[in-house]
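Work through the following exercises with the sequence and the coordinates open beside you. Each task is followed by a solution that proceeds step by step.

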Amino acid sequence: MNPHAMERGDLELVLAIRDQGSLAGAAATLDVVPSVVTKRLGALEARLGQRLFDRTTRRLSVTAEGEAVCLHARTLLEGFAALESELGERQNALIGTVRLAATFGFGRRWLGPALADFQAQHPGLQVELRLTEQLPDLGAEGYDGAVWLWAVQQHRAADWTTRRIARNQRVLAASPDYLARRGTPATVEALATHDCLIARENGDAAQSRQFALWTLRHARDGSTARVRVQGPLTSNSGEMVRDWCLAGHGVMLRSLWDIAPQLASGELVRVLPQHGMPDADIHWVAPWRPKTPRRVRLLVDHLVEQFRSEPWKPVKPGGR
């Protein structure tokens, strides 16, 4: 055995003496009598062959060697604690409840099956999912987080933590019947002359004008173009807008995750396929907390892995 080896208790002893400034203070911190601290410190210094503290009847001061020990002791002790915590978490099955919120469409179509799969892997876990079109006050209402399709608003960024779960974009689409009747728009500006189906989810009637202003980005050169669209049909339900589009009533702007099957089957056709609105990535949004529970961390990791391949992306002809 190395005669100079130090144990965890030695590090705790040295830090307690330095932090408290006296042997008596260290004894109170460590919940032992002062004579035990004196004896343990003497034995440690003898073993190391170094004096860690200069002490007289009136004062105690740290030597250069003592400072060197203290410099590393706290980091080492924090490492011990982190390792023990991780090992404990690995040994223990996930238990407890995860409460989260999500939008109706994505929640039903994609999130629900992913959550059921995660819960099946951890049968001791309870998962509570609330589907809503308005992001709740997550912290005040006791949510662990939300799976949301919009980035965090800047004024809330300090209160929330976020992680992108998957990329997504909104694309233009119409039915073959509509395009046969009205023609296919060749430019972004041409959309102003078409019947456009406007979804104003997560908003109200007073905000309807902002939902009729479409800002589209070109996939190749990154340029953007804005067009104010109009049409006879508007709804706060994205599903309703999708149904109108399938029925041939106009052009819509809709998330790929929502219309991938219809694009693959030919029921819908991409319009201006080089353009899209890349503001609809899927995010994990959570109230800030100093330590995220393991069950929540593992759930978010599971969702990232589930959606890493963006399963809603259209498969190219001949692809797998």
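**Exercise 1. Two residues with positive phi**

Task: for Asp31, determine from its relative accessible area whether the residue is buried or exposed, and then do likewise for Glu310.

Solution. The model is a predicted one, and the first step is to take Asp31, whose relative accessible area is 71%. Exposed means over 50%, so Asp31 is exposed. The second step is to locate Asp31, which sits in the loop between α2 (23-30) and α3 (34-48), and to note its backbone: phi is near 60 degrees, a positive value in a residue other than glycine. The third step turns to Glu310, which is also not a glycine and has a positive phi of about 50 degrees. Glu310 belongs to the segment after α10, and its relative accessibility of 19% makes it count as buried, given that the cut-off is under 20%.

**Exercise 2. The surroundings of strand β5**

Task: establish which strands pair with β5 (residues 145-148), in which sense they run, and which residues cover its two faces.

Solution. Begin with β3 (residues 96-102), which runs parallel to β5 and is joined to it by three bridges; within this pairing, Leu100 has Gly145 as its bridge partner. Next consider β15 (residues 282-287), which pairs with β5 in the antiparallel sense, again over three bridges, and in which Trp284 stands opposite Val147. For the faces, recall that in a regular strand the side chains alternate between the two faces of the sheet. In β5, Gly145 and Val147 lie on one side and Ala146 and Trp148 on the other, and all of these are buried, which leaves both faces covered.

**Exercise 3. Helix α10 and its packing**

Task: compare the span of α10 (residues 294-307) with the expected value, and list what its buried residues pack against.

Solution. The helix has 14 residues, and the distance from its first C-alpha to its last is 20 Å, close to the 20 Å expected at 1.5 Å a residue. Its buried residues are Val296, Leu299, Val300, His302, Leu303, Val304 and Phe307. An α-helix has 3.6 residues a turn, so residues three or four places apart point the same way. The buried residues of α10 pack against the strands β3, β5, β6 (160-166) and β15, and also against α5 (104-121).

**Exercise 4. Leu216 and the second largest pocket**

Task: describe the environment of Leu216, and then the lining of the second largest pocket.

Solution. Leu216 lies in strand β9 and is buried, with a relative accessible area of 0%. Beyond its neighbours within four places in sequence, its contacts include Leu172, Val188, Leu253 and Met277. The C-alpha atoms of Leu216 and Val188 are separated by 7.9 Å, although the two residues are 28 apart along the chain.

The pocket itself holds about 420 Å³ of space and is lined by 19 residues, among which Asn168, Gln169, Leu256, Pro278 and Glu310 lie nearest its centre. Strands β9 (213-218) and β14 (275-277) each supply at least two residues of this lining, and β14 gives the most, with three. By class, the lining divides into seven nonpolar, six polar and six charged residues.

Key: Residues numbered from 1 in each chain as written. Predicted model: local features only at pLDDT ≥ 70, side-chain atom pairs only at ≥ 80, totals over all residues. Heavy atoms only, no water. Buried < 20%, exposed > 50% of the residue type's maximum accessible area, 1.4 Å probe, protein only. Helix = DSSP H or I, 4+ residues; strand = E, 2+ residues; numbered from the N terminus. Pairing = 2+ DSSP bridges. Expected span 1.5 Å × (residues − 1). Contact = heavy atoms within 4.5 Å. 1 Å grid on protein atoms, 1.4 Å probe; cavity = no way out; pocket = protein on both sides within 12 Å on 5 of 7 lines; lining within 4 Å. Points joined across faces, edges and corners; volume = space filled by probe spheres on them. Nonpolar A, V, L, I, M, F, W, Y, C, P; charged D, E, K, R; others polar.
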